[in-house]
Amino acid sequence: MEAAGCSSSRPPRRRRPELLPPAPGSAGPSRPYMPSLCTNSKNPSTKCYGDRFIPDRSAMDMDMAYYLLTEPKKDQENEGMVPPAKQAYRRLLAEKFLGGRTRILAFRNKPPEPQGMLQQISAETQTSSQINPAKQHRKIPKFAERTLDAPGVVDDYYLNVLDWGSKNVVSIALENTLYLWNSSDSSTSELVTVDDDNGPITSVSWSCEGQHIAIGLNSSDIQLWDASSSRKLRTLQGVHESRVGSLAWNSNILTTGGMDGKIVNNDVRMRSHIVQTYRGHEAEVCGLRWSGSCQQLASGGNDNLVHIWDASMASSNPALGHTRWLHRFIDHLSAVKALAWCPFQSNLLASGGGGNDRCIKFWNTHTGLCLNSVDTGAQVCALIWNKNEKELLSACGFIQKPLILWKYPSMVKLAELEGHTSRVLCLAQSPDGSTVASVAADETLRFWNVFGTSEALKPAAKTVHTGMFNSFSHIR
């Protein structure tokens with residue numbers, strides 16, 4: 001009974017189905033598609049991607065794969081701490097940028113083309129790179145491109161004996177004689193030689209139009225000359241009591257600074273030429289610079305002071321005595337001769353101190369604050385800004401390489417120019433702003449192409465112009 005019961009309760013064994021190939025012509029079950037590994041398929045429309053079980057690494061986005069592998073785990077760990085609104089934002093961001101892609105492995109050779117937002121971003125990136133190509137690094141020559149002899153130049157820190165006019169003519173005073181050097185044809189001419197009673201020449205300055213030149217003398221006189229006709233126009237007398245070491249033009253106003261500490265505005269068109277007098281320095285005025293707007297005048301003196309004078313505050317009545325300064329800077333520890341107004345920021349002034357100071361200071365002339373101070377390690381004799389880049393060139397004394405190019409505002413040294421063997425006395429900039437002339441106590445006048453050529457002055461590609469303005473090729 002027990003044997004019969006056991007045999008009746010045991011389930012019957014089932015035969016294991018065998019995978020046999022279907023007979024020819026029979027309608028057997030369909031097999032899954034297996035792409036061929038051969039490349040010479042008879043069907044030209046068939047694309048061969050290789051073995052589908054081996055991922056194609058060249059078609060895979062590794063960054064995307066890493067993100068899909070790691071980000072869900074991070075989300076699960078921090079799910080309880082993330083607010084629902086932030087979770088919804090993440091999902092929306094993922095849908096927008098991932099485009100619904102969730103595969104980690106790729107089995108096709110060619111990745112899909114970007115769509116939607118990614119395609120637009122890619123197109124804008126390519127367009128911007130074509131419109132704004134990478135700016136090429138400017139090579140700064142460390143040696144002068146031309147050197148001229150300057151025998152007899154007076155080695156005096158307080159004098160200003162070099163200037164470069166708007167008509168591309170350089171004027172340099174060598175003792176009692178003023179020479180003109182034309183940069184266009186490299187010709188040299190002698191304009192005037194003063195007698196020993198009036199000499200030596202202590203300052204020179206071209207007028208704004210570049211035709212007239214003012215000459216300050218050791219005798220306190222100021223002479224005005226027409227350079228084109230080599231003719232003296234007039235002599236201004238009684239302005240100062242001693243030598244005139246600094247000059248600056250503001251349209252028809254010639255501003256003069258003397259050893260007597262006075263600063264005087266002279267209208268050269270008038271018979272009674274003195275129109276304003278500034279009194280603030282107690283020693284020789286050795287630096288004068290009008291701002292680019294011609295509204296503010298900066299003055300530096302041997303009393304270690306820098307003054308800012310506002311033209312709108314100037315009194316037109318000399319009998320009132322003097323005009324009060326707008327700002328007085330007392331931070332320098334030595335005489336201030338080097339002054340330079342920034343061409344790209346109208347209220348920024350750079351000033352350089354003498355041997356006991358050795359600093360370049362930057363001032364905001366609207367607020368009267370000192371923005372920065374840099375110790376150059378040497379006497380600062382002159383400063384010139386680059387008109388095309390945020391750079392500043394300084395001329396120093398008593399160091400091996402007296403010309404230093406600085407990057408503003410970081411004040412990192414970009415280059416040290418080699419050539420002068422003694423301190424540089426004066427600097428002058430060409431009308432286009434690319435070249436700087438320097439005269440030093442080694443009796444040489446050197447020209448440096450340190451600032452390069454402005455992009456606006458470079459010759460443009462030849463194009464066909466039509467319309468009423470086709471005769472204008474550039475703006476002067």
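This is a short chat about salt bridges and one sheet in a predicted model.

Visitor: Before we start, what kind of model is this, and how are residues numbered?
Guide: The model is predicted, so local features need pLDDT of at least 70 and side-chain atom pairs count only at pLDDT 80 or more, while totals for chains, interfaces and linings use all residues. Residues are numbered from 1 along each chain as its sequence is written, and side-chain values use heavy atoms, with hydrogens and water left out.

Visitor: OK, how many salt bridges turn up in the whole structure?
Guide: The search finds eight, where a salt bridge is a side-chain nitrogen of Lys or Arg within 4 Å of a carboxyl oxygen of Asp or Glu.

Visitor: What does E391 pair with?
Guide: E391 forms a salt bridge with R138, and their closest N and O atoms are 2.8 Å apart. This pair links distant parts of the chain, since E391 lies in strand β23 (residues 391-397) and R138 in the loop between α4 (117-131) and β1 (146-149), 253 residues apart. Helices (H or I, at least four residues) and strands (E, at least two) are DSSP runs, numbered from the N terminus.

Visitor: And is E391 buried or exposed?
Guide: E391 counts as buried at 5% relative accessibility, whereas R138 is partly exposed at 24%. Buried means under 20% relative accessible area, exposed over 50%, and partly exposed in between (1.4 Å probe, protein chains only).

Visitor: Which side chain meets E418?
Guide: The side chain of K401 does, in a salt bridge of 3.1 Å from N to O. E418 sits in the loop between β25 (412-417) and β26 (424-429), and K401 in the loop between β23 and β24 (403-407), 17 residues apart. E418 is partly exposed, with a relative accessible area of 28%.

Visitor: What about E416?
Guide: E416 meets K413 in a salt bridge of 3.4 Å, N to O, and K413 counts as partly exposed at 42% relative accessibility. Elsewhere, salt bridges that share partners join D156, R243 and E284 into one network.

Visitor: Switching to sheets, what is the strand order in the open one?
Guide: The four strands run in the order β1-β28-β27-β26 with antiparallel pairing, where two strands pair if DSSP finds at least two bridges between them. The edges are β1 and β26, each with a single partner strand, so one side of each is left without a neighbour in the sheet.

Visitor: How many bridges join β26 and β27?
Guide: There are five, in the antiparallel sense, with β27 covering residues 436-440, and C426 stands opposite V439 in β27.
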